[in-house]
Structures are given as structure tokens and as C-alpha cells.
Amino acid sequence: MSQSQQQNAPKGPSDVGIRIVSEALAEELVTRDLAFEAVEAVFAAMAREEARNFPVVREQLGHADAVYGFKSGFDRSGLVLGLKAGGYWPGNADKGLTNHQSTVCLFDPDTGRLAALVAGNYLTAVRTAASSAVSIAHLARKDAKTLGMVGAGHQSSFQLRAAVERRSFERVVAWNPHPDMLPRLRSVAEELGLAFEAVSAEALGGEADVIITITSAFEPLLQKDWIRPGTHIACMGTDTVGKQEVDAALLGAATVFTDEVAQSVSLGEAQHAVADGSLAEGDITPIGRVIDAQHPGRASDDEITLFDGTGVGLQDLAVAALAARLCEEHGRGESIAF
Ligand code: NAD
């Protein structure tokens, strides 16, 4: 074989590298703004049917009290193929680890070869916050000043930081079923230069222009009658059958948007309203249609808009692919033969 023939010969599997993106690198490279753009773009691709989520697998392990599963999909427009594997291990905190653990595998859509392994814990939080931020950017009133936070766990500070970048908020009102968790959220708000007040759930409904719910609740925390006309609500905590954060009647009174209708009606906040007949599946609009200008979004300053952010695999793949691409471009992260 001549020298040029050798150079052009197909590379064997041992010559092909996979990129490893650590938690630290993902956090350094994927900023809130970049995550926002990636999530917004993939929601629009979903609305154009250029990107598709595959059925979710979610199982009780019967070991370590853990819930484990996969979210996967393919974005034909961005050529992103992969899966997120992970779940919830309640005993991890005692071992000094995060209870939620996830890792993204990205594959070359032309060959099926594994292309990157991306740590998914930070990325899950930043993509979830980007999702509600996208809903605020496209659906909240432009003059929104008071942000209401229901929830004060791990995700809540990510949610707060991302939300305040989308409107000129001046004040945060917050309520949490466990009030002892609120000081951490207060310190984030104060770091961002925002006044912070812990209030009752009912008062929060009466004062907030935008509300984010991000709890593990299994019963409604906010009632329909507490919510003012013109409010935008991003329900982000309900991602499992049986969970619920707001009164089902509120979805009947609101104009409802979601990341993916199939998840919204099966495991998202809309599952209860659809089951009791206060909302029809056909009345739920994928937010990608608003982003893609196929739907006008908010119709008036008095309308209550509600975003059911269920969390889809394509969001995970979008931010993981971004992290892998930035590593490639900047020569960061290890590339190992596989
Ligand atoms: P966390 O464990 O850090 O915090 C839990 C929050 O829920 C706290 O505010 C806590 O006070 C509250 N809570 C706990 N048990 C409750 C109960 N029985 N009733 C009412 N409230 C209760 O969790 P986190 O990481 O902040 O996640 C919060 C929620 O968001 C979870 O339900 C999680 O599954 C969900 N989540 C959704 C997405 C998405 O894409 N939509 C992504 C990540 C997490």
C-alpha cells in the first residue's frame, strides 16, 4: 500500500476518539444564555417535526430505593442523536453525592458510533431553567415586575437566575412547603439585587406577575382563584404520573402551552386537568409553535398563560451536544480511543 493509500484508508475503531465532558467542564462552557438558545432552538425544531423524542423508560430499580431511566431522541435539523440515562438515588446525599444523577451519551447519526460522554447533572438543571425562561420570554407580559417562586430545592436557584434574565423583575415573592429551605433562595435573590419576601401561597398568587412552580408535590399548592388575570405560570416540577403542583381548574382557565403534548397529558401538570375534563388535549399548544411564529402566544394582557414544562430528552441532548462541540472547538476535555 502506498503512503497516500495508507492515509486514505478507513480508520479502525481503535483510532476513533470519544469526547469526555466532565461536570466541571459542562458548567464552565454551557452558560445560561447558550442553554436558553439551545433549548429554544430544539423546541422550535420539535414544532417543525424535525426533532423527535423517543418513548421514555422510567423504572423502580428495586435496589437502593432508586428510580432509573432513559430519555432519548433525534434532532434531524441539528444532527444530534443520543440518550440521557440516570435517575434518583435518595441515599446519595449521605454519601456526599447529588441524589439526581445523569449522563448523556451522544452518537454520530451517520454511523451510530459513540461520539461523546457528557456529565448531565449541571446540564439537567440549566436546561430545565432554560425551559421556563423560554416560556417567560415568549409568554409573560412585557411589564412583569414581581416573580413568584413556589419551591426552594436544588432546581429553584437555577430557575430564579434564568428567569430574571428575561424580564425586568424588581422583586421575588416566595413560598415553599418547607419554609426552612427558603433562606438559600433569598440569598440568591439578594445576590441578584432583588427584594425578597417570604409570603403565603395565596398572597403569592395575588402578587406575582410570573410564577414558577418547582416542587415534588403530589397535590395542588396553588388554587385557581388565587391567580390574577395576566399572570404567566411555568409549572416545572411535575414530571411523573401522580405529581401535581396547581389546581386542575387553573389549566381550564388558562391558555396552556408545553414542551411536548404527549408528556404533558401523561406525566406533566396537564395530566389531571385532561383526566377530569377541564382541559382538552387539543387545547394544549407546543411552545415551539410560538417560537416558530406558527402561533401568536399570549393574546391579551388579561390572559393567564401556563407552561407545562415536563422535561424532554431533546433538551438534554441539545445542551450536551453544545458542551461537546465547545470542548471540540476549544480543545478541552479528554478524547479517548474507543
Ligand atoms: P429537591 O429535592 O431539591 O427539592 C424539592 C422541592 O419540593 C422543595 O421545594 C421541597 O420543599 C418540595 N417538596 C418536597 N416534597 C414535597 C411534597 N411532598 N409536597 C410538596 N412539596 C414538596 O428537588 P429539585 O431537584 O429542586 O426538583 C424539584 C422538582 O422538579 C422535582 O419534582 C423534580 O422531579 C422536578 N424536575 C423537573 C424537571 C423538568 O424538566 N420538568 C427537571 C428536573 C427536576
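**View A. An aromatic cluster of Tyr68, Phe70 and Trp89.** In this predicted model, ring pairs join Tyr68, Phe70 and Trp89 into a cluster. Searching the whole structure turns up three aromatic pairs.

**View B. The edge-to-face pair of Tyr68 and Trp89.** A pair of aromatic rings is described by the distance of the centres and the angle of the planes. For Tyr68 and Trp89, the centres are 6.3 Å apart and the planes stand at 70°. The angle is over 60 degrees, so the pair counts as edge-to-face. Tyr68 belongs to strand S4 (residues 67-75). Trp89 sits in the loop between strand S5 (80-88) and strand S6 (100-107). The pair therefore ties together parts that are 21 residues apart in sequence. Tyr68 has a relative accessible area of 30%, so this residue is partly exposed.

**View C. Arg166 over the ring of Phe36.** Arg166 lies over the face of Phe36. The distance to the ring centre is 3.6 Å.

**View D. The largest nonpolar core and its contact-rich members.** This core holds 69 residues. Phe43, Leu106 and Leu123 touch the most other members. Helix H12 (residues 313-330) gives the most to the core: 11 residues. In soluble globular proteins, nonpolar side chains tend to be buried together.

**View E. Contacts of Leu123.** Leaving aside residues up to four places away in sequence, Leu123 touches Ala26, Val30 and Val118. Leu123 also touches Val319, Ala320 and Ala323.

**View F. Another nonpolar core.** Apart from the largest core lies another, of 27 residues. Its members include Ala248, Ala254, Val256 and Val261.

Terms used:
Residues numbered from 1 in each chain as written. Predicted model: local features only at pLDDT ≥ 70, side-chain atom pairs only at ≥ 80, totals over all residues. Heavy atoms only, no water. Core = buried A, V, L, I, M, F, W, Y, C linked by side-chain atoms within 4.5 Å. Buried < 20%, exposed > 50% of the residue type's maximum accessible area, 1.4 Å probe, protein only. Helix = DSSP H or I, 4+ residues; strand = E, 2+ residues; numbered from the N terminus. Contact = heavy atoms within 4.5 Å. Phe/Tyr/Trp six-rings, centres within 6.5 Å; stacked < 30°, edge-to-face > 60°. Lys NZ or Arg CZ within 6 Å of the ring centre and 35° of its normal.
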